[in-house]
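Trainee: I'd like a close look at one small spot in this protein. Please start there and then show me what is going on in the rest of the chain.

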Amino acid sequence: MKKRLADFVVGEAGQVLGFNKGTAHYRQKLLAMGLVKGTEFRVVWVAPMGDPVEIRVRDFSLSLRKEEAKALQVKEIAQ
């Protein structure tokens, strides 16, 4: 099921589907951090106001601000 990263709760897993148009600056940054199409992740922490969101990707933790997270197209996966 496709949804926004901001809508995930702690413990949910997802997969990167791609990037939204008009987000070239963040796209390069996220690609450099390993968030390529098909990458799976798990949400491990969400700040009280929802910014940032910490995800676990390939044995490392990554914190994303709301603006960065908006660049990603993701879907929820069952785990």
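Mentor: Let's start with D59, which sits in the loop between β4 (53-57) and β5 (60-64). Keep in mind that this is a predicted model. Is D59 buried or exposed? Its relative accessibility is 72%, and exposed means over 50%, so D59 counts as exposed. To place it against another part of the chain, take V16: D59 and V16 are 43 residues apart along the chain, and their C-alpha atoms are separated by 16 Å.

From that loop, step back along β4 to its partner strand. β3 (40-46) and β4 run antiparallel and are joined by four bridges. One pairing you can find by eye is W45, whose bridge partner in β4 is E54. The two strands make a hairpin with six residues between them, and G50 in the turn has a positive phi of about 85°. β3 also pairs with β2 (residues 13-19): these two run antiparallel as well, with three bridges between them. There, G14 stands opposite F41 in β3.

Now for the charged side chains. How many salt bridges are there? Counting a Lys or Arg side-chain nitrogen within 4 Å of an Asp or Glu carboxyl oxygen, the total is six.

Stay with the β3–β4 loop for one of them. R65 and D51 form a salt bridge, with their closest N and O atoms 3.5 Å apart. R65 is in the loop between β5 and α2, while D51 is in the loop between β3 and β4, so this pair ties together parts that are 14 residues apart in sequence. Both ends are partly exposed: R65 has a relative accessible area of 46%, and D51 has 26%.

Another salt bridge joins K29 and E68, where the closest N and O atoms are 2.7 Å apart. This pair links distant parts of the chain, with K29 in helix α1 (residues 24-32) and E68 in helix α2 (residues 66-70), 39 residues apart. The two ends fall into separate classes here. K29 is partly exposed at 40% relative accessible area, whereas E68 has just 8%, and under 20% means buried, so E68 goes in the buried class.

Go to the start of the chain and you'll meet D7 and R4, whose side chains meet in a salt bridge at 3.1 Å, N to O. D7 is partly exposed, with a relative accessible area of 39%. R4 has 52%, and the exposed class begins over 50%, so R4 is exposed.

There is also a network of salt bridges that links K3, E12 and E76. Zoom in on K3, which is found in strand β1. Its relative accessible area is 18%, and the buried class is anything under 20%, so K3 counts as buried despite being a lysine. The K3 side chain also makes a polar contact with the side chain of E76, at 3.3 Å.

K3 takes us straight to the open spaces, as it helps line the largest pocket. That pocket has a volume of about 200 Å³. Which parts of the fold supply at least two lining residues each? They are β1 (2-3), α2 and β6 (72-77). Among the lining residues are K2, L5, N20, L72, Q73 and V74. By type, the lining divides into five nonpolar, two polar and five charged residues. R4, the salt-bridge partner of D7, is in that lining too.

Finally, look for a closed space. Taking 30 Å³ or more as the cut-off, there is one cavity, with about 30 Å³ of space in it. Several residues you've just met come back here: G50, D51 and R65 are in its lining, along with V53 and L64. So are A6, K66 and A69, which also belong to the lining of the largest pocket. The cavity lining is made up of four nonpolar, one polar and three charged residues.

To retrace the walk, begin at D59 in its loop, follow β4 to the hairpin with β3, go to D51 and its salt bridge with R65, and finish at the cavity that both of those residues help line.

How values were computed:
Residues are numbered from 1 along each chain as its sequence is written. This is a predicted model: local features need pLDDT of at least 70, side-chain atom pairs count only at pLDDT 80 or more; totals for chains, interfaces and linings use all residues. Side-chain values use heavy atoms; hydrogens and water are left out. Buried means under 20% relative accessible area, exposed over 50%, partly exposed in between (1.4 Å probe, protein chains only). Two strands pair if DSSP finds at least two bridges between them. On a 1 Å grid over the protein atoms alone, a cavity is a set of points where a 1.4 Å probe fits but cannot get out, and a pocket is an open set with protein on both sides within 12 Å along at least five of seven lines; lining residues have an atom within 4 Å of a point. Grid points are joined across faces, edges and corners, and a volume is the space filled by probe spheres set on the points. Ala, Val, Leu, Ile, Met, Phe, Trp, Tyr, Cys and Pro count as nonpolar, Asp, Glu, Lys and Arg as charged, and the others, Gly among them, as polar. A polar contact is a pair of N or O atoms within 3.5 Å; within protein, one must be able to donate a hydrogen and the other to accept it, and residues adjacent in sequence count only if both atoms are side-chain atoms.
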